[in-house]
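Hello,

Here is the structure I promised to pass on. Please have it open as you read, since my notes on the ligand site and the cavities follow straight after.

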Amino acid sequence: MIYTTLPHTDLEVSKLCLGTMTWGKQNTEAEGHEQMDYAVEQGINFFDTAELYPIPAHPDRYADTEKIIGNWFKKTGKRDQIVLASKIAGKAPFTSFIRTTGFKKESIIEAVHGSLQRLQTDYLDLYQLHWPERNTNYFGKRGYKHDISDFWQDNIHQVLETLRELIKEGKIRHVGLSNETPWGTMRFLEESKVHESLPRMITIQNPYSLLNRQFEVGLYEISMREKIGLLAYSPLGFGVLSGKYLGGNKPENARITLFPAYGRYMNEQAVKATQKYQDLALAHNLSLPQMALAFVTSRPFLTSNIIGATSMDQLKENIGSIDVSLSEEVMKGIEVIHNEIPDPAP
Ligand SMILES: NC(=O)c1ccc[n+]([C@@H]2O[C@H](COP(=O)([O-])OP(=O)(O)OC[C@H]3O[C@@H](n4cnc5c(N)ncnc54)[C@H](OP(=O)(O)O)[C@@H]3O)[C@@H](O)[C@H]2O)c1
């Protein structure tokens, strides 16, 4: 395993972070526990979860993933070996069963307390805002469209004050963003620069993969200049970058077969690009998922690459990508395909 530190902290984290969002729906509790056991054995010490998980979100299984992780901490006693990240759900029609009060002070406090209880721990190492409250472009929206009916009031100062309170109480240690835009990221950073007692966002968890490199427009520069590290999510584009959907295949029990609404990475251009990346990987005796993951892990702005798996074979292949380094020729090949079909799946 390769390690780095969370920006602005001395917390050491593995360059591969274990994603958890399938546990409780596609995976059972026992399977989740087996994944954590194996990942830790392989040197992974960083887990990412959310009150929203498992996906797809549903009131009947609300926050079951956190409960699965909490039971594993209780069983193994390994809480202190793990850097643990969770998130408060944003406002959305599909989260109205969680709460409809967004990031109001009471909402954040309630969300943190709920996560701590389910995770059977006294503190979270990293607490993230899952997605912005305002109307902006995330979750596959390519461009920003200004909505004049958007009545969002800039509450960033208040959100940071609430997070500061939770840090003071020792319930969370650090804070981060997710699905943020360059404007939102700088707005949060600016607030904590002007008001030095406010906590600073240290990470940004956004999508990043061979099919979606939009982070490089705007956020790459911010990441380097402001030292806010990327926690890359969906590095395999929901599994599309395994190549298993190519040729119109619908593999049994795979995410997009089960939940066709998750078509974010399956448009015509994304499929075309995936075919080209697969040809490149095969030409260099690489497995496509390992090439795709090694690419993400190698990026200079990356703090940790959040991998996801629904089987132990997938998990082993994905963790194995840490030993794959891509030659100059492969990197050039990737750039050629990227220039031909840039960011097909925003
Ligand atoms: N902040 C956010 O909004 C956000 C959004 C998404 C994810 N995340 C975080 O990021 C983590 C990873 O995201 P993700 O699950 O979307 O990542 P991903 O790497 O894009 O997709 C993972 C899925 O692809 C399939 N897969 C994985 N490895 C494979 C392999 N070697 N061969 C074939 N198929 C393989 C599996 O699904 P099937 O077996 O079903 O095909 C697996 O669940 C999540 O668990 C979560 O912690 C955060």
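In this predicted model, a nitrogen atom of the ligand lies 3.0 Å from an N or O atom in the Gln205 side chain. Two other side chains come up with ligand oxygen atoms: Asp48 has an N or O atom 2.7 Å from one, and for Ser234 the distance from a side-chain N or O atom to a ligand oxygen is 2.7 Å. On its own the ligand would expose 910 Å², and the protein buries 95% of that.

The ligand takes up the space of the largest pocket. Around it are 34 residues, with Asp48, Ser234, Lys244, Arg255 and Thr310 the closest. By class, this shell is made of 17 polar, twelve nonpolar and five charged residues. Helix α10, residues 312-320, gives the most to it, with three residues.

Now for the enclosed spaces. How many cavities of 30 Å³ or more are there? The count is two.

The largest holds about 100 Å³ of space. It has 14 lining residues, and Phe103, Pro132, Glu133, Glu180 and Phe188 are the closest to its centre. Both α4 (156-168) and β7 (172-178) give two or more residues to that lining, which by class has nine nonpolar, two polar and three charged residues.

The second largest cavity has about 40 Å³ of space. Its lining consists of Val240, Gly243, Tyr245, Leu246, Met266, Val271 and Thr274: five nonpolar residues, two polar and no charged ones.

Happy to talk it through whenever suits you.

Best wishes

Note on methods: Residues are numbered from 1 along each chain as its sequence is written. This is a predicted model: local features need pLDDT of at least 70, side-chain atom pairs count only at pLDDT 80 or more; totals for chains, interfaces and linings use all residues. Side-chain values use heavy atoms; hydrogens and water are left out. A residue is near a molecule or strand if one of its heavy atoms lies within 4 Å of it. A polar contact is a pair of N or O atoms within 3.5 Å; within protein, one must be able to donate a hydrogen and the other to accept it, and residues adjacent in sequence count only if both atoms are side-chain atoms. Accessible areas come from the Shrake-Rupley method with a 1.4 Å probe; for residues, only the protein chains shown count as cover. On a 1 Å grid over the protein atoms alone, a cavity is a set of points where a 1.4 Å probe fits but cannot get out, and a pocket is an open set with protein on both sides within 12 Å along at least five of seven lines; lining residues have an atom within 4 Å of a point. A molecule sits in a cavity or pocket if more than half of its atoms lie within 2 Å of its grid points. Helices (H or I, at least four residues) and strands (E, at least two) are DSSP runs, numbered from the N terminus. Ala, Val, Leu, Ile, Met, Phe, Trp, Tyr, Cys and Pro count as nonpolar, Asp, Glu, Lys and Arg as charged, and the others, Gly among them, as polar. Grid points are joined across faces, edges and corners, and a volume is the space filled by probe spheres set on the points.
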